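User: I'd like to learn how to read a structure like this one, feature by feature. Can you take me through it?

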Amino acid sequence: MLVTIQDTELRQGIVAAIGRAKELSQSVLVSEVQKIDRLDSFHFFAAGRSRFLGERFFWQDPHGTYKLAGVGVVRQIQCDKASGRFVHIEKEWKQFIETAVLAGKQDVPGSGPAMFGGFSFDPLKDKTGLWSKFSQSHFHIPAFMLTVLEDEAYFTTNVVCTQHDDASLFDKISEERQAILAAAVREQEYSLPNLEALREIQPEEWKQSVKDLVESLENSGLKKVVLARELRLQFDQDVAVEGVLQRLTEQQRESFIFAFEANGDCFIGASPERLVKKEGEKVFSACVAGSIPRGKTPEEDRQLGKVLLEDQKNLIEHQYVVEMIKEAMQETCDRVVLPDGPKLMKMKYIQHLYTPVTGENRAGTSILDLVDRLHPTPALGGLPKEKAVEKIREIEILDRGLYASPIGWLDHLGNGEFAVAIRSALIQASEASLFAGCGIVADSDAESEYTETSIKFRPMLAALGGIKQ
């Protein structure tokens, strides 16, 4: 079935944008949105491989009610500054869209002018070659984007026009658009290459760093520090991101599923944790901290869940996150609501303590203001926040890059959603780095924490074919 696109408004928008570019002597964005017949977002992402490899993103919220897929890049907004990076990205974004020509249906969240990307965990940490393809703050505005809300699909076309362009630009864009749409209706299966080697990066050194940290916590003023480690996989040929993403959408339906390409590398994952969502004036966040494996039988699973709900170490760790997120939301919202206690969030391999938080956004507060205030939560950094991040910077072997960081999208209407980029991997040609961490407190045991990170590797290991289902 061919998806049909009407050309009239985009053609007129390009003419108007070229005229505006001549008046302003600067490039001008034209963004057009059309409602289209239902199109599968994964197939759209996959269809971009031939023309836009390295310039794609994918986003799916839990249970797949909201999906975004973008291909091509009309503008990158990047920043390697350590201070003021959230403000800088927002300023660049607003400047880019303030002169935009908007056409078509522009009231659908996550459509029209929108950008996708993320921020590194700690811009002050020495950067290694592992993350050389990504800036400390890295966002893409796509050339073509599919937005799927429940059963409705919307297609965005973004074009940057200059004063030197003419109306023939429309023909070029229209041809590209039809090609990607035609390719997106063809279903394909994607296989994974063979896993040749699996190497834990300095596991004994990591365990020792946990032991040293536990000994140093007393009288340090630190309540908790999160330490992460890396697992490196080697395959017999380059990994097709599509195969990994397809497996994640099948295996991790309860998670935020994301893929973000930059300069040939791809950061991909299935996170259980929302950082923040802004929809109009409504704000949503979530406290996810404290974990235990899933049971092999329903009875064992229920018993393990009961143990988690009654375990003081996990309850205290969870409460740290609740208090921090509650405080951050109260600073940026006029009203904050949260339940009296946590409930269980059951994922495929692990279950967590979970407390949802909702609020009403205070006038003038943007989603990036909220991201800035919330990152990193105690579940990913520790407490107190600044001191914990300094400790991580000092003793953690890993360069986290985008791992455990905010990743997501925002649109020109101020809507957006960011997840915490855990249960994730960085795919680089025929290799992949997997990341997992856990919270270290005064009574932590290095072997137990090591086992916990091993469980947290499982979602990405399964998606990459490293363990059998």
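Analyst: Sure. Keep in mind that this is a predicted model. Let's begin with the inventory: the protein has 12 helices and 21 strands.

User: How do I judge the overall shape, and what radius of gyration does the protein have?

Analyst: You hold the radius of gyration against what a compact globule with that number of residues would give. For 469 residues that would be near 23 Å, and the protein has 22 Å, so the two agree. Along the principal axes, the C-alpha atoms fill a box of roughly 70 × 50 × 40 Å.

User: And what share of the residues is buried?

Analyst: Buried here means under 20% relative accessible area. By that cut-off, buried residues make up 59% of the 469. As for what faces outward, the protein exposes about 19,000 Å², with carbon and sulfur atoms supplying 46% of that area.

User: How many residues are in the largest nonpolar core, and which have the most contacts inside it?

Analyst: A nonpolar core is a set of buried nonpolar residues joined through side-chain atoms within 4.5 Å. In this protein the largest one has 83 residues, and F267 and F418 have the most contacts inside it. Helix α9, residues 312-332, gives the most to this core, with six residues. Apart from it lies another core of 59 residues, including A17, A21, I36 and I268.

User: What about contacts between parts that are far apart in sequence? What percentage do they account for?

Analyst: Take the contacts with a separation of 6 or more: residues 24 or more positions apart account for 78% of them. G382 makes a handy example. This glycine is in strand β17, residues 382-383, and its C-alpha is separated by 5.7 Å from that of V226, which is 156 residues away along the chain. Leaving out residues up to four places away in sequence, G382 touches K224, V225, V226, T377 and A388. G382 has a relative accessible area of 2%, so it counts as buried.

User: Can we try a helix residue? Is V244 buried or exposed?

Analyst: Buried, because its relative accessible area is 0%. V244 belongs to helix α7, residues 241-251. Setting aside neighbours within four places, V244 is in contact with L192, V239, I268, I427, M460, A463 and L464. You've met I268 already, as one of the residues in the 59-residue core.

User: Now the backbone. Where are the cis peptide bonds you'd point out?

Analyst: Look at omega here. The bond from H375 to P376 is cis, with omega near -15°, and P376 sits in the loop between α10 and β17. The bond from L383 to P384 is also cis, with omega near -10°. P384 is in the loop between β17 and α11.

User: Which residues other than glycine have a positive phi?

Analyst: S25 is one of them, with phi near 55°, and it lies in the loop between α1 and β1. A429 also has a positive phi, of about 55°. A429 is in the loop between β20 and β21, and because its relative accessibility is 41%, it counts as partly exposed.

User: Last one: how many charged side chains are there, and how far apart are the centres of the two sets?

Analyst: You count each sign, then compare where the two sets are centred. Here there are 55 positive and 70 negative side chains, and their centres lie 1 Å apart.

Methods: Residues numbered from 1 in each chain as written. Predicted model: local features only at pLDDT ≥ 70, side-chain atom pairs only at ≥ 80, totals over all residues. Heavy atoms only, no water. Buried < 20%, exposed > 50% of the residue type's maximum accessible area, 1.4 Å probe, protein only. Helix = DSSP H or I, 4+ residues; strand = E, 2+ residues; numbered from the N terminus. Rg over C-alpha atoms; globule rule 2.2 N^0.38 Å. Contact = heavy atoms within 4.5 Å. Areas by Shrake-Rupley, 256 points an atom, 1.4 Å probe, with all protein chains shown as cover. Lys, Arg positive; Asp, Glu negative; His and termini not counted. Charge placed at Lys NZ, Arg CZ, Asp CG, Glu CD.
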